[in-house]
Amino acid sequence: CSQCENFGPILMNPNSNKEVYDILNNAIVEMKADGTLDSLIENELKSYINSDSEAKDLPKFDGARTIKIGVTGDLPPMDFVAANGKAAGFNIALLTEIANRAKVNFEIVQIDNAARATALSTGKVDAVFWTRNAICTACGGESAEMVEGTLVTESYFSDASTFIMLKPEK
């Protein structure tokens, strides 16, 4: 049973990516504490749900570290490819806020959903910006899309899932 899904960035190889983990996790924790995350969910996420919002460019900081983020583009409104071919969705809005707080650059790398673990383990990307950790509050069950040796940041979004089944015809 998975009625609730929590989304959070995941990183492979904790030793080499601890700094990236700290940047992402600390920003998410701060944004939860100061209300920025709730504001982004209320304003940005709803704008992607209610319209065909265009992709926004991420901020760039001269001389700053660049972190490669893998996106699949197949989880609208969280993560999708806009009509102009750029990565878009709530995760890009969230990355914009993290970039502005941490003064880092993000490079978006589109990857296939099935290639997330390979992209992480080979260093093609530093992080994949969503994973679903299903935690059912009704039954206490839990499952996660994780590979051994990954770090998972604090969840940045939770959503209730509803499963509908058609009654078989007699």
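**Figure 1. Confidence across the predicted model.** pLDDT is the predictor's confidence in each residue, from 0 to 100, and it applies here because the structure shown is a predicted model. Taken by element, confidence is highest in strand 7, at 93, and lowest in strand 10 (residues 142-144), where the mean is 46. The pLDDT is below 50 over residues 134-144, a stretch that nevertheless has 21 contacts in the model beyond near neighbours in sequence. Where pLDDT is low, the predicted coordinates should not be read in detail. For the chain, the mean pLDDT is 77, with 69% of the residues reaching 70 or more.

**Figure 2. The chain as a whole.** The chain contains 4 helices and 12 strands, and 44% of its 170 residues are buried. If contacts are taken between residues at least 6 apart in sequence, 77% of them join residues at least 24 apart. The exposed area of the chain is about 9200 Å², of which carbon and sulfur atoms supply 49%.

**Figure 3. The largest nonpolar core and a separate core.** The largest nonpolar core has 29 residues, of which Ile69, Phe90, Leu94, Ile98, Phe106, Phe129 and Tyr156 touch the most other members. Helix 1 (14-34), helix 2 (36-50), strand 3 (66-71) and helix 3 are the elements that each give two or more residues to this core. Another core, of 6 residues, lies apart from the largest one and includes Val109, Ala119, Leu120 and Val125.

**Figure 4. Surroundings of Phe106.** Once residues up to four places away in sequence are set aside, Phe106 touches Leu24, Leu58, Lys60, Ile67, Ile69, Leu95, Ile98 and Ala99. Two of these partners, Ile69 and Ile98, are named together with Phe106 among the residues of the largest nonpolar core that touch the most other members, while Leu95, Ile98 and Ala99 are among the buried residues of helix 3.

**Figure 5. Helix 3 and the contacts of Ile92.** Helix 3 (residues 90-102) comprises 13 residues and reaches 18 Å from its first C-alpha to its last, close to the 18 Å expected at 1.5 Å a residue. Its buried residues are Phe90, Asn91, Ile92, Ala93, Leu94, Leu95, Ile98 and Ala99. Ile92 counts as buried because its relative accessibility, 3%, is under the 20% cut-off. Not counting residues up to four places away in sequence, Ile92 touches Lys56, Leu58, Ala87 and Ile108. The C-alpha atoms of Ile92 and Asp57 are separated by 8.5 Å, although these two residues are 35 residues apart along the chain.

**Figure 6. Lys103, after the end of helix 3.** Helix 3 is followed by Lys103, which is placed in the loop between helix 3 and strand 7. Although Lys103 is not a glycine, its phi is positive, at about 55°. With a relative accessible area of 47%, Lys103 is partly exposed.

**Figure 7. Asn105 in strand 7.** Asn105 is found in strand 7 (residues 105-110), and it counts as buried because its relative accessibility of 7% is under 20%. A polar atom of the Asn105 side chain lies 2.6 Å from the backbone nitrogen of Phe61. Phe61 also appears in the contact list of Asn105, which, leaving aside neighbours within four places in sequence, consists of Pro59, Lys60, Phe61, Ala64, Arg65, Thr66 and Ile67.

Conventions
Residues are numbered from 1 along each chain as its sequence is written. This is a predicted model: local features need pLDDT of at least 70, side-chain atom pairs count only at pLDDT 80 or more; totals for chains, interfaces and linings use all residues. Side-chain values use heavy atoms; hydrogens and water are left out. Buried means under 20% relative accessible area, exposed over 50%, partly exposed in between (1.4 Å probe, protein chains only). A polar contact is a pair of N or O atoms within 3.5 Å; within protein, one must be able to donate a hydrogen and the other to accept it, and residues adjacent in sequence count only if both atoms are side-chain atoms. Contact means heavy atoms within 4.5 Å. The expected span of a helix is 1.5 Å times one less than its number of residues. A nonpolar core is a set of buried Ala, Val, Leu, Ile, Met, Phe, Trp, Tyr and Cys residues joined through side-chain atoms within 4.5 Å. Accessible areas come from the Shrake-Rupley method with a 1.4 Å probe; for residues, only the protein chains shown count as cover.
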